[in-house]
Amino acid sequence: MQGYILHTQRVRDEDLIVYILSKNKLLKAYRFYGLRHSSILSGYKIDFALEEHMSFLPRLKDTMHLGFEWILNREKMLIWQEFIRLFYRHLKDIEECDSFYFELLNESAKRFARQNSKRVILDAYLELLSFEGRLHTKFRCFVCDELIDNENIGLVRAFLPAHKDCAFVYEVAQDKLKHFYQNKNSSIFDDNEVSDMYKIIKEGF
């Protein structure tokens, strides 16, 4: 079985509770003597087995790290782990999930090797909002419920659109935002715009 480690929680001295996103589930498992075995870190993709227990969490065993070619790039890894933490907060209350989330991480991990990390996450986040039916393409202000007819569209957390007079927002050129929403590709933005939109994503899914 394969999955992404979304979160680890220390229990007792060296043991860990590990949250793993597999293809269709968010698994919660127990790992004994966490510090004495191979590294278990948020963001890692692993191959693993579970040993079931009737009265306790399944035991995580036979773990093998499935490395990324960029894993020793500190900047990329830090950004990846930020993305993973957001994933965990978004999915932590569910047990079963669509394979979309696992495949989105797979595709993003591949793209990290050859593309700007923040652009990869920006594109992935748009895919997530679209999949969940939360992408607002009508540009109606979520505060006053009026259409936004300005040249620029204000965005807040979860890319909710708003007038700049209704909320503290980051503004994006409307034509660029429409292009981004239609093509799901952040190449329309320069690096500074990507960094600013990435800050919105960091506020939470």
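**Exercise 1.** In this predicted model, determine whether His163 is buried or exposed, and then describe its surroundings.

*Solution.* Begin with the relative accessible area of His163, which is 15%; since buried means under 20%, His163 is buried because its value falls within that class. Next, place the residue in the fold: His163 sits in the loop that runs between β7 (160-162) and β8 (170-173). Then follow its side chain, which reaches the backbone oxygen of Leu147 at 3.5 Å. Finally, setting aside the neighbours within four places in sequence, list the contacts of His163, which are Cys141, Cys144, Glu146, Leu147, Ile148, Asn150 and Val169.

**Exercise 2.** Work out how helix α1 and helix α2 are oriented towards each other, and characterise the residues that meet between them.

*Solution.* Take the geometry to start with: α1 (residues 74-91) and α2 (residues 100-112) pack at an angle of about 170°, and their axes are 12 Å apart. Angles over 145 degrees count as roughly antiparallel, and α1 and α2 are therefore roughly antiparallel to each other. Turning to the residues, α1 contributes Lys76, Ile79, Trp80, Phe83, Ile84, Phe87 and Leu91, which meet Tyr101, Leu104, Leu105, Ser108, Ala109 and Phe112 of α2. Sorted by character, the residues of this contact comprise 11 nonpolar, 1 polar and 1 charged.

**Exercise 3.** Describe how domain 1 and domain 2 are placed and how many residues of each are in contact.

*Solution.* First establish the bounds, which the domain assignment gives as 1-114 for domain 1 and 130-204 for domain 2. The C-alpha centres of the two domains lie 31 Å apart. Across the boundary, 8 residues of domain 1 are in contact with 7 residues of domain 2.

Methods:
Residues numbered from 1 in each chain as written. Predicted model: local features only at pLDDT ≥ 70, side-chain atom pairs only at ≥ 80, totals over all residues. Heavy atoms only, no water. Helix = DSSP H or I, 4+ residues; strand = E, 2+ residues; numbered from the N terminus. Buried < 20%, exposed > 50% of the residue type's maximum accessible area, 1.4 Å probe, protein only. Polar contact = N/O pair within 3.5 Å; in protein donor to acceptor, adjacent residues only side chain to side chain. Contact = heavy atoms within 4.5 Å. Axes fitted to C-alpha atoms, helices over the stretch in contact; angles between N-to-C directions. Parallel < 35°, antiparallel > 145°, perpendicular 65-115°, else oblique. Nonpolar A, V, L, I, M, F, W, Y, C, P; charged D, E, K, R; others polar. Domains from an automatic or database assignment.
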